[in-house]
Amino acid sequence: MKKFLKSFTPYQITYLVVVFVMTALFIIIMPENMLDDMSNPFVVVCSVIATLANPVCELLISKQSKWNFVVDAFLIEIPELIICIALGWYTIAIVTMLFWIPIDVVSFIKWRHHPDEEEEELTVVKRLTVKQDILVVLAIIAFGFGVGQLISMLPGAADSYLDALSAACGMANGILLLLRFNEQWYAWFMTLILYTILYITSGSYIMLITVAAMFVNTCYGFGKWLIYTKKHANADTVKQSE
């Protein structure tokens with residue numbers, strides 16, 4: 001644990017401190033803008049927990065750490081499941097319950113079996129081919145519009161197609177993350193854009209803090225993973241030539 005804590009760089013510590021301070025200031029100064037409906041204190045608490053935990057989880061992913069899945073399951077997915085049910089985002093709620101929580105457990109187990117040879121705290125990551133990229137995009141579009149049509153028929157459903165497309169991008173991110181592919185960052189970037197629209201339309205303005213923080217970390221994490229995959233691709237090429 002001591003070795004893990006020491007692995008955090010000054011930038012990463014500063015990043016987390018800034019996010020936590022911004023969240024605290026938002027809660028103190030503009031509590032009425034946290035959610036469109038503040039009548040349920042439990043939902044409000046869940047939104048605060050998810051806001052604080054999301055940047056932590058994203059930072060752990062950028063560090064290629066398996067512990068991101070533990071943070072995600074307990075401090076993000078469960079609180080967001082409650083929020084989604086309260087806001088009528090049924091696709092995301094169903095996907096969270098049947099996909100995200102189970103995949104966090106499976107991913108944590110699988111990532112433990114792929115440590116980096118030089119740095120044990122890191123997990124080995126890789127990249128998709130162009131053909132695989134195209135198939136992922138087509139699958140996201142098909143799922144988003146197909147499920148969106150079905151969900152729109154449910155009473156109380158809100159933003160059905162946007163909800164379904166967000167869930168589809170999120171699922172693609174989760175599967176690619178499970179399989180340790182760098183392209184999970186592209187899927188997550190699209191997920192954040194769609195989440196931003198959903199949070200604005202629902203009045204869940206406090207969640208925009210975590211979205212903004214995750215946009216920054218998505219760029220940071222993508223850069224780190226890209227450098228890692230290129231470096232190790234070159235190393236593999238050298239080994240093969242030898």
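## Around helix H8

Just after helix H8, Gly203 takes a positive phi of about 80 degrees. The model in which this glycine is seen is a predicted one, and the helix that precedes Gly203, H8, covers residues 184–202. With 19 residues, H8 reaches 26 Å from its first C-alpha to its last, which is close to the 27 Å expected at 1.5 Å a residue.

Many positions of H8 can be listed as buried, among them Trp185, Trp188, Thr191, Leu192, Leu194, Tyr195, Leu198 and Tyr199. The buried residues of this helix also include Gln184 and Ser202.

## Ser166 and the contacts of H7

Helix H7 runs over residues 160–178 and holds Ser166. Because its relative accessible area is 0%, Ser166 counts as buried. Leaving out residues up to four places away in sequence, Ser166 touches Ile92 as well as Thr191, Leu194, Tyr195 and Leu198; these last four, Thr191, Leu194, Tyr195 and Leu198, are themselves among the buried residues of H8.

## Positive phi outside glycine

In general, most residues other than glycine have a negative phi. Arg180 departs from this, since its phi is near 70 degrees, a positive value in a residue other than glycine. Arg180 is found in the loop between H7 and H8, and with a relative accessibility of 10% this arginine counts as buried.

Gln64 is another residue that is not a glycine and yet has a positive phi, of about 55 degrees. The loop that holds Gln64 lies between helix H3, residues 41–62, and helix H4, residues 68–87. Gln64 counts as buried, because its relative accessibility is 3%.

## Met207 in helix H9

Helix H9 spans residues 207–241, and Met207 lies in this helix. A relative accessible area of 1% is the reason why Met207 is described as buried. When neighbours within four places in sequence are left aside, Met207 is in contact with Ser47, Ala50, Thr51, Glu80 and Tyr199, and of these Tyr199 is also listed as a buried residue of H8.

Met207 and Asn54 are 153 residues apart along the chain, while their C-alpha atoms are separated by 9.7 Å.

## Leu154 and the loop after H6

Leu154 has its place in the loop between helix H6, residues 130–151, and H7. Its relative accessible area is 38%, and Leu154 is therefore partly exposed. Along the chain, Leu154 and Ile76 are 78 residues apart, and the C-alpha atoms of the two are separated by 25 Å.

## A nonpolar patch at the surface

Ile13, Val17, Val21, Leu25, Ile28, Ile29 and Met30 make a nonpolar surface patch of about 650 Å². One of these residues, Ile13, lies in helix H2, which covers residues 10–29. At a relative accessibility of 44%, Ile13 counts as partly exposed.

## Confidence in the model

For the chain as a whole, the average pLDDT is 87, and 95% of the residues score at least 70. Over residues 237–242, however, pLDDT stays under 50, and for this stretch the model has one contact beyond four places in sequence. The end of helix H9, which is assigned to residues 207–241, reaches into that stretch of pLDDT under 50 at residues 237–242.

Methods:
Residues numbered from 1 in each chain as written. Predicted model: local features only at pLDDT ≥ 70, side-chain atom pairs only at ≥ 80, totals over all residues. Heavy atoms only, no water. Patch = residues over 30% accessible without salt bridge, like charges linked within 9 Å, V, L, I, M, F, W, Y side chains within 5 Å. Areas by Shrake-Rupley, 256 points an atom, 1.4 Å probe, with all protein chains shown as cover. Salt bridge = Lys/Arg side-chain N within 4 Å of Asp/Glu carboxyl O. Helix = DSSP H or I, 4+ residues; strand = E, 2+ residues; numbered from the N terminus. Buried < 20%, exposed > 50% of the residue type's maximum accessible area, 1.4 Å probe, protein only. pLDDT = per-residue confidence, 0-100. Contact = heavy atoms within 4.5 Å. Expected span 1.5 Å × (residues − 1).
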